[in-house]
Every structure is written in structure tokens, then in C-alpha cells.
Amino acid sequence: MSRVALVTGGSRGIGAAISIALKAAGHKVAATYAGNDEAAAKFTAETGIKTYKWNVADYDESASGIARVEADLGPIDIVVANAGITRDAPFHKMTRDQWQQVIDTNLTGVFNTVHPVWPGMRERKFGRVVVISSINGQKGQFAQVNYAATKAGDLGIVKSLAQEGARAGITANAICPGYIATDMVMAVPEKVRESIIAQIPAGRLGEPEEIARCVVFLASDDAGFINGSTISANGAQFFV
Ligand code: CAA
């Protein structure tokens, strides 16, 4: 069945692969981005997927952006909270600003993205919420106290939403990608990245499409009994 899907951070990296895969599955997709107009325009030209610019850390911007998407495409049945940033630093060097930026974008951003669409999902008795967490929310990571806190927080969000949404036909699940070949991982110093790859039994980084395929399944009508779960996709780097 064709539905309307919203993907935050949906024009680059894992989010772009998710937007493309949801479109290929027959859905009408809106992809948000925060700042990179050029990348967003290129993405729309290449894929035909409409992009919308707003800051997920801002509730009012999110709510009005979501209202624009719904006016353009119809009620949102699938929401993928994917937008995220890193501000890595060892804890003794981490600034309050680095902490707050990551909390505001990665954690409060999930609230700001899901909260405005939740009442409509409850009314229509259908919804699919997928939150892109991280292996580092499961295992922690040197220099990522801020990021790991938000990604662990995602798991609490979906487990709670799952219980609240289940009777209303809404599912909420998390995917924990391991290290995926995106700009975010490529920004890690090369030597560190090489040592990370050495710890992945698969011997390689994951591909964004490998995460996107998980999202398409969780967003499908068929996945209605999978609710509150966490799918790890990390090349056997870490087991919960
Ligand atoms: N484990 C243990 N020790 C580590 C370490 C690790 N993983 N990484 C660095 N260290 C050590 C260094 O060897 C160094 O030790 P010495 O002082 O004894 O030499 C010390 O910690 C770091 O000191 P620096 O002063 O060099 O640190 P810095 O302030 O320059 O910060 C850094 C460097 C930010 C930590 C940088 O190394 C870095 O970016 N590391 C990668 C962090 C990481 O893995 N981030 C994940 C990004 S990808 C992602 O987030 C996507 C996802 O969801 C998976």
C-alpha cells in the first residue's frame, strides 16, 4: 500500500538511501535537511523526492514543516527519525555546547519529529515510527558520551511509544546501524577508522542501502506485530 513517509536528514547518507528505498517501495516521500541546500537540490533533481528545510532541534519549525508536508502529500503514516550529528570529544574536553547540540538534534529532534504526527496516527489507527539509533547507543563509544546518550535514549523512546501506540495500530522500532560508509564515518580520522574496521567481523563498513532495507520492512503493513524492538545491523561487531 502506498503511504506518505517523512524522513528527517533524508537527503544525505543513510537518510538518502532510506528516502530512495521508501519511494521504490511505492510510498510518497518527503525528505528533510538542515542546511546543505546544494546537496538537497541535487538529491531532488536525481530522485524526484521533494526536500524540505527545517531544523529538527526546533519544535515549532518541525511542526510547521510537517504541516507543509501534509498539505503537499497528505497525512504522514510513516516517520523515520534519522537526522543526527556528532560532536565527538573525550569527556574531559567535551564542552557544554557539544553536549547540548547533540542532545537537541539527536534526542529532542526525535520528540519534535514524532510528536506532531502522533495524534494523526492515533486517529487513523495506523502508524510506523522508525528511529535510527546506533551501535554506539548500545555499547558506548570513546569520545561520544553525548552521542551515545542520545542513541541509547532512542531505544527508551521506541520501547515507550510501542506500548502507547500498539492499540492504535502504531509501531515504533529502532535500528542500530554499525559503522556505515557515510560522510559521518568518513569524518573520523583515517587511522581511527582503520582500527574500527579491524573490529568489524564482516571486514567492511556497511552500506546505507543495508539500513534502508530494514526501514522499508519495518514501515510495511506486514511488520505490524514487530513493535518496540531494536534491529542491530553492524556486521557482527556487537551483540546485545
Ligand atoms: N579507545 C581508547 N583510547 C582512545 C580511543 C579509543 N577508541 N581513541 C582515542 N584514544 C586515545 C588516543 O590514543 C589518545 O591517547 P594518548 O593521549 O595516550 O595518546 C587519546 O585517547 C585522545 O587524545 P587526543 O588529545 O588525541 O584527542 P582529541 O581531543 O584530539 O580527540 C577524537 C580525538 C575526537 C577522539 C578522535 O580520535 C575521534 O574522532 N575518534 C573517533 C570517535 C568515534 O569513533 N566516533 C564515531 C563516529 S561515527 C558515528 O558516530 C556513526 C555511528 O553511529 C556508528
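Is C176 buried or exposed? I went to this cysteine before anything else. Its relative accessibility is 0%, so C176 counts as buried. I keep in mind that I'm looking at a predicted model.

**Cysteines.** I looked for disulfides next, and the count came to 0. C176 isn't in one: the nearest cysteine sulfur belongs to C214 and sits 11 Å away. A disulfide would need the two sulfur atoms within 2.5 Å. From the other side, C214 is in no disulfide either, with the sulfur of C176 as its nearest at 11 Å. I checked the cover on C214 too. It has 18% relative accessibility, and the cut-off for buried is under 20%, so C214 also counts as buried.

**Overall build.** I tallied the secondary structure and got 10 helices and 7 strands. The C-alpha atoms fill a box of roughly 50 × 40 × 35 Å along the principal axes. Then I asked how the radius of gyration fits a compact globule. For 240 residues such a globule would have a value near 18 Å, and the protein has 17 Å, so the two agree.

**Inside and contacts.** I noted that buried residues make up 49% of the 240 in the protein. I also looked at contacts between residues at least 6 apart in sequence: 69% of them join residues at least 24 apart.

**Surface and charge.** The protein exposes about 11300 Å², and I see that carbon and sulfur atoms supply 55% of that. Last, I counted charged side chains: 23 positive and 23 negative. The centres of these two sets lie 3 Å apart.

How values were computed
Residues are numbered from 1 along each chain as its sequence is written. This is a predicted model: local features need pLDDT of at least 70, side-chain atom pairs count only at pLDDT 80 or more; totals for chains, interfaces and linings use all residues. Side-chain values use heavy atoms; hydrogens and water are left out. Helices (H or I, at least four residues) and strands (E, at least two) are DSSP runs, numbered from the N terminus. The radius of gyration is taken over C-alpha atoms; the globule rule is 2.2 Å times the number of residues to the power 0.38. Buried means under 20% relative accessible area, exposed over 50%, partly exposed in between (1.4 Å probe, protein chains only). Contact means heavy atoms within 4.5 Å. Accessible areas come from the Shrake-Rupley method with a 1.4 Å probe; for residues, only the protein chains shown count as cover. Lys and Arg count as positive and Asp and Glu as negative; His and the chain ends are not counted. The place of a charge is taken as NZ of Lys, CZ of Arg, CG of Asp or CD of Glu.
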